[in-house]
Amino acid sequence: MTDEELVKLYLESQNVVYFNLLYKRYSGKIFGKSLSLLKNESEAEDATQDIMMKILLNMAKFNNKSRFSTWIYSITYNYCIDFLRRKKKDPSVYFDDFIENIDLPDDVEDAFLLEMNVKRLKVILEEIPTGDKTILLMKYQDEMSIREIGGILNKSESAIKMKIKRAKQKFKKTYNEKYKEEV
Amino acid sequence: MGSEDKNSFKQLEKIQEEEYSENLDKVKNSIDGNMNSLSSITNIIDLYFSKVLSYFANMTGGTTSESEDDDL
């Protein structure tokens, strides 16, 4: 059964069984993203609980214009970004445009990220700034379109393309520094 | 081999889901608690709201459909 069918059934019947199925599908993904961004297990648990309750209470507002997963992830990213802003935990999450004079590698192929050893991917994602990590997760883990990412971060498509390019370059630079003996 | 198997980001997501299943059970219990509280509140409102409404209607001299039915 698709997500959208489960949402429809839940809204029609208010039967918790349908919500439980959606919980099973998405809670792990929401927790994983929250943990990646907040870097704290107990905060990620609280975030997952708040986000799932938000989804439950706002289910009727889901209008089928986007995929259900995109809707859920946009709630998740917005929650985490707001949380970090409130706590002023990580300035990189502000997504402000600024000129960086750091020496970045040339364009990075998607295959470099997608075919990477998972343990190394985890290490590098922990090291790059949260803003870059967020945008890479949206593109490669959630497979969101440029337009969808722009909608969540309230940026133009060209700004998002530039941010993805820079995030990939920073990812590769960090990788090269970390594993320089192999590069 | 599916496309997910070739995507290291998806593999990482899957590993995290398995690694933190205990945390998710804990979160689910809290959500169930919240849902039970919500459902209790809804039941209370369902039960008493109409009675409170008709009480106030009667107090202000109006009639509710329930009291009109009683009159018949």
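Angles under 35 degrees count as roughly parallel, those over 145 as roughly antiparallel, those from 65 to 115 as roughly perpendicular, and the rest as oblique. Keep that scale at hand for the helix pairs on this tour.

The model is predicted: local features need pLDDT of at least 70, side-chain atom pairs count only at pLDDT 80 or more, and totals for chains, interfaces and linings use all residues. Residues are numbered from 1 along each chain as its sequence is written, while chains are lettered from A and ligands numbered from 1 in the order in which they are written.

**Stop 1: chain B**

Start by selecting chain B. It has 4 helices and 0 strands (DSSP runs numbered from the N terminus, with H or I over at least four residues for a helix and E over at least two for a strand). From the N terminus on, the elements read α-α-α-α. Colour chain B by burial next: of its 72 residues, 10% count as buried. A residue is buried if 20 or more other C-beta atoms lie within 10 Å of its own, exposed if 12 or fewer, and partly exposed in between, with C-beta atoms placed from the backbone.

**Stop 2: where the chains meet**

Now show both chains. The contact takes 21 residues from chain A and 21 residues from chain B, two residues being in contact if their C-beta atoms, placed from the backbone, lie within 7 Å. On the side of chain A that touches chain B, helix 2, helix 3 (41-58), helix 6 and helix 7 of chain A each supply at least two residues. Which of them gives the most? Helix 2 of chain A does, with 7 residues. By class, this side of chain A divides into 10 nonpolar, 6 polar and 5 charged residues. Here Ala, Val, Leu, Ile, Met, Phe, Trp, Tyr, Cys and Pro count as nonpolar, Asp, Glu, Lys and Arg as charged, and the others, Gly among them, as polar.

**Stop 3: helix 2 of chain A on helix 3 of chain B**

Select helix 2 of chain A and helix 3 (residues 21-59) of chain B. Their axes come within 11 Å and cross at roughly 140°; axes are lines fitted to C-alpha atoms, for helices over the stretch in contact, and angles run from 0 to 180 degrees between N-to-C directions. Helix 2 of chain A and helix 3 of chain B are therefore oblique to each other. Their crossing is right-handed (the near helix is turned clockwise from the far one by less than a right angle; anticlockwise would be left-handed). Show side chains for V16(A), Y23(A), S27(A), G28(A) and F31(A) from helix 2 of chain A, and for N23(B), L24(B), V27(B), K28(B) and M35(B) from helix 3 of chain B, which make the contact. The classes here are 6 nonpolar, 3 polar and 1 charged.

**Stop 4: helix 3 against helix 3**

Keep helix 3 of chain B and add helix 3 of chain A. Their axes come within 10 Å and cross at roughly 40°, so helix 3 of chain A and helix 3 of chain B are oblique to each other. This crossing is right-handed. E41(A), E45(A), T48(A), Q49(A), M52(A) and M53(A) meet N23(B), K26(B), V27(B), S30(B), I31(B) and N34(B). That contact has 4 nonpolar, 5 polar and 3 charged residues.

Zoom in on Q49(A), in helix 3 of chain A. Is Q49(A) buried or exposed? With 22 C-beta neighbours inside 10 Å, Q49(A) counts as buried. Leaving out residues up to four places away in sequence, Q49(A) touches V27(B), S30(B) and I31(B). Try the distance tool on Q49(A) and F31(A): they are 18 residues apart in sequence and 9.0 Å apart in space, C-alpha to C-alpha.

**Stop 5: helix 6 of chain A**

Move to helix 6 (residues 118-127) of chain A, whose buried residues are L121(A), I124(A) and L125(A). Seen down the helix axis, these buried residues fall within an arc of 100°, so they line one face of helix 6; the arc is that of the directions from the helix axis to the C-beta atoms. The face turned away from the buried side carries the exposed K119(A) and E126(A). What covers the buried residues includes helix 2 (16-38), helix 7 (130-141) and helix 9 (157-178) of chain A, together with helix 2 (8-19) of chain B.

Step back to E115(A), in the loop between helix 5 (110-114) and helix 6 of chain A. E115(A) is exposed, with 12 other C-beta atoms within 10 Å. Beyond its neighbours within four places in sequence, E115(A) is in contact with K6(B) and S8(B).

**Stop 6: helix 7 of chain A**

Finish on helix 7 of chain A. Here 12 of the 12 residues are buried, so helix 7 is largely enclosed by the rest of the structure. Among them are G131(A), L136(A) and Y140(A). Just after helix 7 of chain A, look for E143(A), which takes a positive phi of about 50°.
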